[in-house]
Amino acid sequence: MNVRKSLLMALLLGAGGFYVWRYDHELVLPGGGHVSDKTEKFLLPDLKLSEITRIGVIRADGSWNILRVSAAPPPQDPFGTPVQWELKKPKGAPVEPQKIETLARSLASLSIRNTLEKHEIVADESVYGLTPPAVVLQLEGKFGKRIVSLGEKHPISGRRYVQIDGDERLYLTEDSIYSLLDVPAESFRQAQVLAFDPKTVKKIIAIRDQGDTLALESNEHGGWKLTSGAGTIEADAAQIQ
């Protein structure tokens, strides 16, 4: 009996796997389009970070723009490193270059999973969630300008409808594109405001709202003292470090 159950389970799993494979390769889209082209195609072919000068995102919870710094010489971040990218608002706020690299690499690797030709698109495009789009991506650079509109997810495959400006077709791609772009500008901003070696700090001064001053100062023996309006006392060096 156990052998029969195992064989039956294997048969059911195999049939289920075949159904998923068949569904994935012959996905039926609104308008009646069938997809059977297995050749991998990319949504943004030949996208190169070195050619991008602006990345803009329009979203319901706040739009943002990231610009490549064109000033010569470029400003420096708190670490003394030349700033490559900055936010348009707040103006001049430095952006983590690694995050831009990750974003560009992820966008360049997005595959077109399914294609809906012009004659297959239904008249009511609201079924795709593109009127209005959920998120709009704008890219500018040496290649000109590219605009990619993100719609709703396909109810079964979970892929995201996208439309490229100037292209009469619609595409389905991985939903990861939405999570990449539906984020606030602060997620790209360089978080560390000050950069320094703590061992080189000799004095710290804080001015409070009431106008009184707190001063921490080290001595040649590695100790610290705290000076305020109430006088001077020894400070805990371990807490300060």
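Mentor: Ground rule before we dig in: two strands pair if DSSP finds at least two bridges between them. Also keep in mind that we're looking at a predicted model.

Trainee: Got it. In what sense do β11 and β12 pair, and over how many bridges?
Mentor: Start with the hairpin that β11 and β12 form, which has five residues between the strands. One bridge puts L216 opposite its partner L226 in β12. The pairing of β11 (213-218) with β12 (224-228) is antiparallel, and the number of bridges is four.

Trainee: Which residue in the turn of that hairpin has a positive phi?
Mentor: The turn belongs to the hairpin of β11 and β12. The phi in question is about 90°, and the residue is G222.

Trainee: On the β10 side, which residue in β11 stands opposite A206?
Mentor: β10 and β11 run antiparallel and are joined by five bridges. A206 falls within β10, residues 203-207. Its opposite number in β11 is L214.

Trainee: Now the big picture. How many helices and strands does the chain have, and which strands are the edges of the nine-strand sheet?
Mentor: The chain comes to four helices and 13 strands. Nine strands form an open antiparallel sheet, in the order β1-β5-β9-β8-β7-β6-β2-β3-β4. An edge strand here pairs on one side only, and that picks out β1 and β4.

Trainee: Inside that sheet, how many bridges pair β2 with β6?
Mentor: β6 and β2 follow one another in the strand order. One of their bridges has R59 with V135 as its partner in β6. The pairing is antiparallel, and the bridge count is seven.

Trainee: Let's talk packing. Which element gives the largest share of the largest nonpolar core?
Mentor: That core has 31 residues, with L43 and L137 having the most contacts inside it. Elements giving two or more residues to the core include β2, β3, β6, β7 and α3. The largest share is four residues, and the element is α2.

Trainee: What does L137 touch, beyond its neighbours within four places in sequence?
Mentor: L137 is one of the two residues with the most contacts inside the 31-residue core. Its contact list includes I55, G56 and V57, and also I147 and V148. The remaining partners are L44, L107, R146 and L181.

Trainee: And how many residues are in the other core, the one with Y128?
Mentor: This core lies apart from the 31-residue one. Among its members are L116, I121, Y128 and L170. The size is seven residues.

Trainee: Which residue pairs with Y128 as an aromatic partner?
Mentor: Y128 sits in the loop between β5 and β6 and its partner in β8, so the pair ties together parts that are 33 residues apart in sequence. With planes over 60 degrees apart counting as edge-to-face, the 70° here qualifies. The centres are 5.0 Å apart, and the partner is Y161.

Trainee: Are Y128 and Y161 buried or exposed?
Mentor: The cut-off for buried is under 20% relative accessible area. Y128 comes in at 0% and Y161 at 3%. So both are buried.

Trainee: The search finds two aromatic pairs. How many residues apart in sequence are the parts tied together by W64 and F188?
Mentor: W64 and F188 form a tilted pair, 4.9 Å centre to centre with 50° between the planes. Both are buried. W64 lies in β3 and F188 in the loop between α3 and β10, so the separation is 124 residues.

Trainee: Which arginine lies over the face of Y178?
Mentor: There are two arginine-over-ring cases worth checking. R146 is over F143, at 4.8 Å from the ring centre. Over Y178, at 4.1 Å from the ring centre, lies R160.

Trainee: Backbone oddities next: which prolines follow a cis peptide bond?
Mentor: One cis bond runs from K89, with omega near -5°, into the loop between β4 and α2. Another starts at T131, with omega about 0°, and its proline lies in the loop between β5 and β6. The prolines are P90 and P132.

Trainee: Last one: is D46 buried or exposed?
Mentor: D46 is in the loop between β1 and β2, and its phi is positive, about 65°, although it isn't a glycine. Exposed means over 50% relative accessible area. At 66%, D46 is therefore exposed.

Notes. Residues are numbered from 1 along each chain as its sequence is written. This is a predicted model: local features need pLDDT of at least 70, side-chain atom pairs count only at pLDDT 80 or more; totals for chains, interfaces and linings use all residues. Side-chain values use heavy atoms; hydrogens and water are left out. Rings of Phe, Tyr and Trp (its six-membered ring) pair if their centres lie within 6.5 Å; planes under 30 degrees apart count as stacked, over 60 as edge-to-face and the rest as tilted. Buried means under 20% relative accessible area, exposed over 50%, partly exposed in between (1.4 Å probe, protein chains only). A charge sits over a ring if NZ of Lys or CZ of Arg is within 6 Å of the ring centre and within 35 degrees of the ring normal. A nonpolar core is a set of buried Ala, Val, Leu, Ile, Met, Phe, Trp, Tyr and Cys residues joined through side-chain atoms within 4.5 Å. Contact means heavy atoms within 4.5 Å.
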